[in-house]
Amino acid sequence: MSFPALVEPAAELTIDEVRRYSRHLIIPDVGMDGQKRLKNAKVLVIGAGGLGSPALLYLAAAGVGTLGIAEFDEVDESNLQRQVIHGQSDIGKPKALSAQESIAEINPLVQVVVHNERLDNDNVMEIFRGYDLIVDGTDNFATRYMVNDAAYFLGIPYVWGSIYRFDGQASVFAPTMADDAPCYRCLYPEPPPPGMVPSCAEGGVLGVLCASIGSIQVNEAIKLLVGAGDPAIGKLVIYDALELEWRKLKVRKDPNCALCGENPTVTGLIDYDAFCGAISEEAADAAADATISVVQLENLLKERAEGTRDFVLIDVREPNEYEINKIPGSLLIPKGEFLNGNALAQLPPVDSGTQVILHCKSGVRSAECLAVVKGAGYDDALHVGGGVVAWVNQIDPSQPSY
Ligand SMILES: Nc1ncnc2c1ncn2[C@@H]1O[C@H](COP(=O)(O)OP(=O)(O)OP(=O)(O)O)[C@@H](O)[C@H]1O
Ligand SMILES: [Zn+2]
């Protein structure tokens, strides 16, 4: 199904613009009219990270007249493997400013609006207002649900994408463009339970996958802006890079959707952090009075070396994470082994007097495992707040971080 272009055309293109965009102008579906619409378009990209990098680069090169960048973070060395809008000399710089500089180099005709801040309930409506289209390149569920809801309340269509290892997904959510168009909540009514879906920081992502999914997002954005082709409204695009397989599934509007359904219960922005629960209730309870710092752990390790303390230190990350860095003296038992119950047989017996101390990358997975271990009777078990990231930052900076 085709839809009318989201944006009216600009009055004219300058001679410079005609030269620059000539390869677009000779495509019948874009042409002079479509390029003038791109010139008039205001697109906001959220996140100048994995997906945001290719999205911003191609939207800029395509001649989108106004590009907003909403991003609060700074460029880290581990970003450069995929966040190709930033370079070596940008490490430590705000990503939004680094992206702005790259765009100026690629296409100085684009007007860049920098929102160098974290998008949250207090600023999202204000920032979104005035944009024709939003491209979501963020990596966390709380922001995704907030973007979905805010875009719905303001009637702004948005292009969503997500990536993990070799798998990617993308769709267009535009409930106000068609009566049967679903929103993100129609597809995913509930966020996954905390700790269930690892982030890219935990699970990794193939750098080039960002280009595959980011370019699909830009492709959809351009189609919507100029009114070309059949946008992925009500369709979920799924890409399996290992099998080199693209699939397209139908996504239906859910009449019971909490946001866009017949009897909505979400009628304004909600507490998205609580909705997505950074950590499950059981894990939070287990960790409440059983969290130690890496400094405390370092002291405990010294006492263990002196023979005045007895405990096992268990790293619940995955083997490939363990290869990158580790806390010396730790034993690897991945979280899955705790969840399926197999780990318990590898722990010292409950009544042996040997304490169990758990850690992971940042302290979320170890808190989940702590709940299991305490449930099995290890009442004095502990976990390490901040995990190996804190260990590397505070105790052993000679090890790489990831
Ligand atoms: N609420 C938000 N407001 C603005 N930017 C956001 C928000 N949430 C996430 N982002 C940004 O979206 C980008 C997502 O990029 P990506 O998935 O590549 O992850 P990353 O955080 O850069 O990397 P890693 O997770 O490996 O440390 C990040 O740059 C992040 O700062
Ligand atoms: Zn919905």
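**Talking through a predicted model**

Student: This is a predicted model. Which residue follows helix 10, and what is its phi?
Tutor: Helix 10 covers residues 207–226. Right after helix 10 comes a glycine with a positive phi. That residue is Gly 227, with phi near 75°.

Student: How far apart should the ends of helix 10 be, and how far apart are the end C-alpha atoms?
Tutor: Helix 10 has 20 residues. The expected span is 1.5 Å times one less than that number, so it should come to 28 Å. The model agrees, with the end C-alpha atoms 29 Å apart.

Student: Is helix 10 largely enclosed or largely open?
Tutor: A residue counts as buried if 20 or more other C-beta atoms lie within 10 Å of its own. In helix 10, 14 of the 20 residues are buried, so the rest of the structure leaves this helix largely enclosed.

Student: Is Leu 109 buried, exposed or partly exposed?
Tutor: Leu 109 sits in the loop between helix 5 and strand 3. Buried needs 20 or more other C-beta atoms within 10 Å, and exposed means 12 or fewer. Leu 109 has 16, so the call is partly exposed.

Student: Which residues does Leu 109 contact, leaving aside neighbours within four places in sequence?
Tutor: With those sequence neighbours set aside, two names remain on the list. They are Glu 17 and Gly 63.

Student: Which residues come nearest to ligand 1?
Tutor: There are 24 residues around ligand 1. By class, they split into 7 nonpolar, 12 polar and 5 charged. The nearest are Gly 47, Gly 49, Gly 50, Asp 73 and Asp 139.

Notes
Residues are numbered from 1 along each chain as its sequence is written. Chains are lettered from A and ligands numbered from 1 in the order in which they are written. This is a predicted model: local features need pLDDT of at least 70, side-chain atom pairs count only at pLDDT 80 or more; totals for chains, interfaces and linings use all residues. A residue is near a molecule or strand if its C-beta atom, placed from the backbone, lies within 6 Å of it. Ala, Val, Leu, Ile, Met, Phe, Trp, Tyr, Cys and Pro count as nonpolar, Asp, Glu, Lys and Arg as charged, and the others, Gly among them, as polar. Helices (H or I, at least four residues) and strands (E, at least two) are DSSP runs, numbered from the N terminus. Two residues are in contact if their C-beta atoms, placed from the backbone, lie within 7 Å.
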